[in-house]
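Here are some short exercises to work through with the sequence and the model side by side. Try each task yourself before you read its solution.

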Number of protein chains: 2
Amino acid sequence: MKKYNVAIVGVTGAVGEKLLRLLENAAIEINELHVLASARSKGKKVLFRGEELTVAETTESAFAGIDIAFFSAGGAITKKFHRAARNAGAIVIDNTSAFRMDAETPLVVPEVNPEALRNHTRLIANPNCSTIQMVAALKPIEAAFGLSRVIVSTYQAVSGAGLHALEELENQTKAVLAGEEPIATILPSGGDKKHYPIAFNAIPQIDLFSEDGYTFEEWKMMNETKKIMGRPDLKIAATCVRIPVMSGHSESLYLEIEQEDVTADAIRKVLSQAPGIVLQDDPSTQTYPMVTTAVNQKETYVGRVRRDVDNPKGFHMWVVSDNLTKGAAWNSIQIAEKMIEMGLV
Amino acid sequence: MKKYNVAIVGVTGAVGEKLLRLLENAAIEINELHVLASARSKGKKVLFRGEELTVAETTESAFAGIDIAFFSAGGAITKKFHRAARNAGAIVIDNTSAFRMDAETPLVVPEVNPEALRNHTRLIANPNCSTIQMVAALKPIEAAFGLSRVIVSTYQAVSGAGLHALEELENQTKAVLAGEEPIATILPSGGDKKHYPIAFNAIPQIDLFSEDGYTFEEWKMMNETKKIMGRPDLKIAATCVRIPVMSGHSESLYLEIEQEDVTADAIRKVLSQAPGIVLQDDPSTQTYPMVTTAVNQKETYVGRVRRDVDNPKGFHMWVVSDNLTKGAAWNSIQIAEKMIEMGLV
């Protein structure tokens with residue numbers, strides 16, 4: 001079995017740490033693992049399979065001999081180093097939004113559109129966390145019954161904004177419980193002008209605003225879903241909201257299918273057999289997905305499936321997954337595993 | 001100006017406490033204020049306009065001479081005592097769900113359907129908290145442009161489940177931050193079998209489940225909205241979710257209007273002139289409603305107004321209000337004020 005030299009760019013971040021843990025048991029035979037980050041983190045130690053690895057600086061020459069490079073250090077770092085990595089022969093699997101909508105770059109959720117991997121030019125984009133879990137749930141429904149429309153409202157975790165945002169949530173929460181003013185310096189978006197406390201709050205802004213009044217997070221969900229599902233015609237609208245949850249995104253989905261006379265039970269049956277999906281749906285035993293049970297799991301959990309009161313082709317459901325796992329690190333690793341399985345790397 | 005004898009039933013609860021504070025400055029000339037609760041709370045002291053009042057037990061004879069009785073001690077207490085209060089000559093303004101869908105009982109949001117008060121039989125129902133803020137935002141839009149459909153996902157605060165649930169959120173939050181297991185004994189619903197932690201979680205269940213897979217909270221939003229707006233034909237679906245917020249409900253609304261060629265600006269203009277509504281909507285300055293700014297305010301805040309990407313008659317918006325204030329105590333007081341203004345009491 002072929003062994004691979006693997007690099008993680010951004011290993012000290014929230015997704016980098018998750019990549020380390022998940023690679024320990026992945027179906028990838030690892031020869032060497034190179035852990036890279038910014039100059040600031042150079043020399044730090046990280047653990048992999050009980051062994052200490054020393055973080056090196058991300059440079060153009062750092063990719064010599066690398067077969068697979070996971071990038072999760074922000075779009076600017078991907079743009080700066082992807083060419084050097086690809087030229088060195090590596091397959092770049094990028095967790096940032098830098099190339100997701102690039103026409104030549106496959107945007108892949110392995111359960112949904114693995115065939116797109118065949119057209120790669122040594123760069124694969126990993127979709128946005130909130131998109132991944134949604135398309136994982138939508139695809140089996142589309143395949144069975146058709147799909148014409150989606151309206152989604154998200155309940156997104158703070159870890160999606162990085163480890164510093166998580167610290168901020170923790171510090172703000174302690175401040176509020178102590179009767180003090182919470183201090184906000186990161187959320188809703190580190191790159192925006194104003195910052196609001198997330199502790200005991202709900203913020204209807206993730207990423208910056210585009211001029212049309214939608215946020216870029218909302219546009220990511222809408223555009224990436226169309227690309228991944230190969231459905232430029234799909235009607236889809238998103239409202240993205242940050243809530244005081246550490247890890248795990250929840251989504252309230254309304255969708256309209258094309259086929260008539262489909263029951264909620266038929267939808268449940270399809271979901272229960274879909275790859276990567278766990279159906280948790282039994283109101284009689286209060287069984288439904290929650291982030292407290294989905295965190296650190298690789299699957300996407302679906303529940304509260306019910307038919308719309310007015311539209312017989314409309315259905316509501318509740319979709320939960322760990323945004324750092326299936327939403328980021330695990331999906332990236334699955335891309336690598338799938339490419340190995342398909343003989344593409 | 002006429003002076004009124006007023007009673008609060010359930011004065012030691014979350015809504016009762018809010019009623020006390022808001023009555024201090026309400027447009028109701030109060031002669032005597034009687035503070036009532038269960039036998040357990042008898043003898044406790046509460047403050048009203050700087051004066052100590054002693055809590056008495058709610059009994060059938062406690063309503064002698066009362067003109068206006070605010071009930072917020074649970075549906076069972078309303079069912080037990082409303083008749084005695086009405087027979088004693090009081091107007092009962094009930095915060096519970098006991099009579100909301102009763103055909104003979106007006107269900108009123110004063111900005112939306114004040115005329116319904118004329119048909120009262122000395123019992124007025126105050127709608128569900130999540131319903132009130134939604135219809136307050138929907139009514140001016142319906143009046144200007146027509147309204148055919150609503151899909152709502154809620155982000156509801158813990159105080160809606162009472163003071164003990166708030167304590168539970170606080171204790172669970174401290175436990176999680178200390179690395180301990182959070183203990184859950186109340187939420188999602190005190191009357192249900194299983195309990196889940198709300199700290200750093202999102203629970204897609206409020207109230208019990210009905211057999212069709214919707215919760216009763218969701219049915220309240222759907223049925224009460226139709227009744228208040230006088231629109232049994234309105235298409236409306238709700239997904240109700242509890243999040244770790246202390247007070248203040250947020251709602252992600254999708255709605256379809258009837259008129260064509262309406263812009264988001266036109267909707268904003270109508271909302272900015274609507275009674276009880278404050279428009280907070282300027283993405284360029286990150287201005288949108290949040291519970292941290294809406295808490296303890298009487299108004300309903302609306303922002304993130306934008307046209308649907310696919311449906312020119314579809315619009316999305318974000319609606320926030322304090323569930324204990326406009327969602328409960330303040331709306332009840334407004335009902336009393338409106339009845340005084342209309343000469344009905």
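The exercises below go from annotated residues to the contact between chains, the cavities and two single residues.

This is a predicted model, in which local features need pLDDT of at least 70 and side-chain atom pairs count only at pLDDT 80 or more, while totals for chains, interfaces and linings use all residues. Residues are numbered from 1 along each chain as its sequence is written, chains are lettered from A and ligands numbered from 1 in the order in which they are written, and side-chain values use heavy atoms, leaving out hydrogens and water.

**Exercise 1. Find the residues that UniProt annotates as "active site" in chain A, and describe their surroundings.**

Step 1. The unreviewed UniProt entry gives this annotation to Cys129(A) and His249(A); such positions are in the numbering used here, with shortened feature names, and may be inferred rather than shown by experiment. They are spread over 121 residues of sequence yet cluster in space, with a largest C-alpha distance of 8.2 Å.

Step 2. Place them. Cys129(A) belongs to helix H3 (residues 129-145), and His249(A) to strand E11. Helices (H or I, at least four residues) and strands (E, at least two) are DSSP runs numbered from the N terminus.

Step 3. Check burial, where buried means under 20% relative accessible area, exposed over 50%, and partly exposed in between (1.4 Å probe, protein chains only). Cys129(A) counts as buried because its relative accessibility is 13%. His249(A) is buried too, at 0%.

Step 4. List contacts, meaning heavy atoms within 4.5 Å. Leaving aside neighbours within four places in sequence, Cys129(A) contacts His249(A), Asn323(A) and Gly327(A). With the same neighbours left out, the contacts of His249(A) include Cys129(A), Tyr155(A), Val291(A) and Asn323(A).

**Exercise 2. Take the "binding site" annotation of chain A: are its residues clustered or spread in space?**

Step 1. The unreviewed UniProt entry lists Thr12(A), Gly13(A), Ala14(A), Val15(A), Arg40(A), Ser41(A), Ser159(A), Gly160(A) and Asn323(A). They are spread over 312 residues of sequence and also spread in space, up to 26.1 Å between C-alpha atoms.

Step 2. Look at Ser41(A), in the loop between strand E2 (30-37) and strand E3 (45-48). Ser41(A) is buried, because its relative accessible area is 6%. Not counting residues up to four places away in sequence, Ser41(A) touches Thr12(A) and Val55(A).

Step 3. Turn to Gly160(A), in the loop between E9 and helix H4 (163-177). With a relative accessible area of 45%, Gly160(A) is partly exposed. Beyond its neighbours within four places in sequence, Gly160(A) is in contact with Arg242(A) and Asn323(A).

**Exercise 3. How much area do chain A and chain B bury between them?**

Step 1. Start with the contacts: 65 residues of chain A meet 65 residues of chain B.

Step 2. The two chains bury about 5,300 Å², 59% of it on carbon and sulfur atoms. Buried area is the accessible area (1.4 Å probe) that two parts lose on being put together, summed over both.

Step 3. In chain A, Phe200(A), Gln286(A) and Arg304(A) lose the most area to chain B, together 13% of what that side buries.

**Exercise 4. How many cavities of 30 Å³ or more are there?**

Step 1. On a 1 Å grid over the protein atoms alone, a cavity is a set of points where a 1.4 Å probe fits but cannot get out, and lining residues have an atom within 4 Å of a point. Grid points are joined across faces, edges and corners, and a volume is the space filled by probe spheres set on them. The count is 2.

Step 2. The largest has a volume of about 80 Å³. Of its 14 lining residues, the closest to its centre are Ile151(A), Ser153(A), Ser252(A), Ile151(B) and Ser153(B).

Step 3. The second largest has a volume of about 50 Å³. Its lining includes Phe200(A), Pro244(A), Leu169(B) and Phe200(B).

**Exercise 5. Is Ala202(B) buried or exposed?**

Step 1. Ala202(B) sits in the loop between helix H4 (163-177) and helix H5 (216-229) of chain B.

Step 2. Ala202(B) is buried, because its relative accessible area is 0%.

Step 3. Neighbours within four places in sequence aside, Ala202(B) contacts residues including Ile243(A), Trp318(A) and Arg242(B).

**Exercise 6. Where is Ile28(B) found?**

Step 1. Ile28(B) is in the loop between helix H1 (14-23) and strand E2 (30-37) of chain B.

Step 2. Ile28(B) is buried, with a relative accessible area of 2%.

Technical notes. On a 1 Å grid over the protein atoms alone, a cavity is a set of points where a 1.4 Å probe fits but cannot get out, and a pocket is an open set with protein on both sides within 12 Å along at least five of seven lines; lining residues have an atom within 4 Å of a point.
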